[in-house]
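Here are my notes on the aromatic rings, as promised. Have the structure open while you read.

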Amino acid sequence: MKGHRNIPIFIPHLGCPNQCVFCNQRSISGCRSFCEEDVVRQIETVLSENGGDRETEIAFFGGSFTGIDRELMLRLLKVAQRYVDTGDVSGIRMSTRPDYISKEILDILSAYTVNNIELGLQSMDDRVLLAAQRGHTAKDAEEACRAIISRGIPLTGQMMIGLPEATPESEVRTARRLCEMGVSFARIYPTVVFYGTPLCDMARTGAYTPLSLEDAVERSANAYEVFLEAEIPCIRIGLCASEELISPELVYAGPNHPALGELVMSEAYYRKIVAFLTSHSLLGKEIVLEVPERELSRAVGQHRANVKRLLLETGTRVLCVTGSGHADRINAYSP
């Protein structure tokens, strides 16, 4: 099976006049300006790298692509489509807002090889959307999702953890609603507080409490488990790691951890192990744990965190963790 890579073209804030409380798009994308003339160079640079064993897409990220100047959007789509037509890339993907999806927009996009639209849904709770100053409602999001899916375009739903007024319960409800609306993929973004945002001002005055790393992992795992159960791939948890993003000059507070996704998946796996041991009356015993080979690192956890935690929290001593040939099954026994 081929891997996947994006050729990311960042268009920071060009298509979005709205100011969400959490957003400093120039920081989040690591890109402070946009030069149309650089697009071809960026694409050619990535294509020149060894990646023949991976499916490649041109991805317009960073801003609300369908909200940028119409002529600019069409020029960028035409550039990207040229590489689709020559077979250098398999298609085009983009991120945008629910309120920048319309019949007219979808009519335009249908003329190009758009493989995926990523919608920044963030929450399906109107109280949270209002507190975040998103500028749209949950109903707007539902209508946009329905319109995209009706055109046969795969949809990725992006949601956030730890927004103002959000609770663990509202976040789980959001994840479930995304599944019900038919997203093909999901992204989970725990809220990071960037300098230069209204959320930073709120955090400084005590009106908002930034997520700790522990809270971010636990609450993200709650949402991640919903997607797992629905068999919807979660293609990213947390912001893309880059030297600029973790710079103290940009980040005021919050869980901007370079391995956040792995921590969340390990947390979910720990819960899965505990559930299995409980159902098989193995808690508190010495055990040998067998997990699918590809899931060994998540089962053990970073620095053997899950193994240590099992002993500390449940009294279960894991003698060893081994990989098994079963694709999706945990097993354990007491020797």
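1. Does Phe60 count as buried or exposed? Keep in mind that this is a predicted model. Phe60 has a relative accessibility of 1%, so it counts as buried.

2. On to ring pairs: there are 2 aromatic pairs in the structure. One of them joins Phe60 to Phe65, and it is stacked because the ring planes make an angle of 10° with the centres 4.5 Å apart; planes under 30 degrees apart are what earns that label. Phe65 is buried as well, at a relative accessible area of 0%.

3. Tyr195 and Tyr252 also pair up, with ring centres 5.7 Å apart. Their planes are at 80°, so this pair is edge-to-face; the cut-off for that is over 60. In sequence terms the pair links distant parts of the chain, with the two residues 57 residues apart. Tyr195 lies in the loop between strand S7 (193-194) and helix H8 (198-205), while Tyr252 belongs to strand S9 (residues 251-253).

4. How exposed are those two tyrosines, Tyr195 and Tyr252? Tyr195 comes out at 30% relative accessibility and counts as partly exposed. Tyr252 has a relative accessible area of 31%, so it is partly exposed too.

5. Don't skip the arginines. Which ring does the charged end of Arg309 sit over? That would be the ring of Tyr270, with the charged end 3.9 Å from the ring centre. Arg97 likewise has its charged end over a ring, that of Tyr100, at 6.0 Å from the centre.

Note on methods
Residues are numbered from 1 along each chain as its sequence is written. This is a predicted model: local features need pLDDT of at least 70, side-chain atom pairs count only at pLDDT 80 or more; totals for chains, interfaces and linings use all residues. Side-chain values use heavy atoms; hydrogens and water are left out. Rings of Phe, Tyr and Trp (its six-membered ring) pair if their centres lie within 6.5 Å; planes under 30 degrees apart count as stacked, over 60 as edge-to-face and the rest as tilted. Buried means under 20% relative accessible area, exposed over 50%, partly exposed in between (1.4 Å probe, protein chains only). Helices (H or I, at least four residues) and strands (E, at least two) are DSSP runs, numbered from the N terminus. A charge sits over a ring if NZ of Lys or CZ of Arg is within 6 Å of the ring centre and within 35 degrees of the ring normal.
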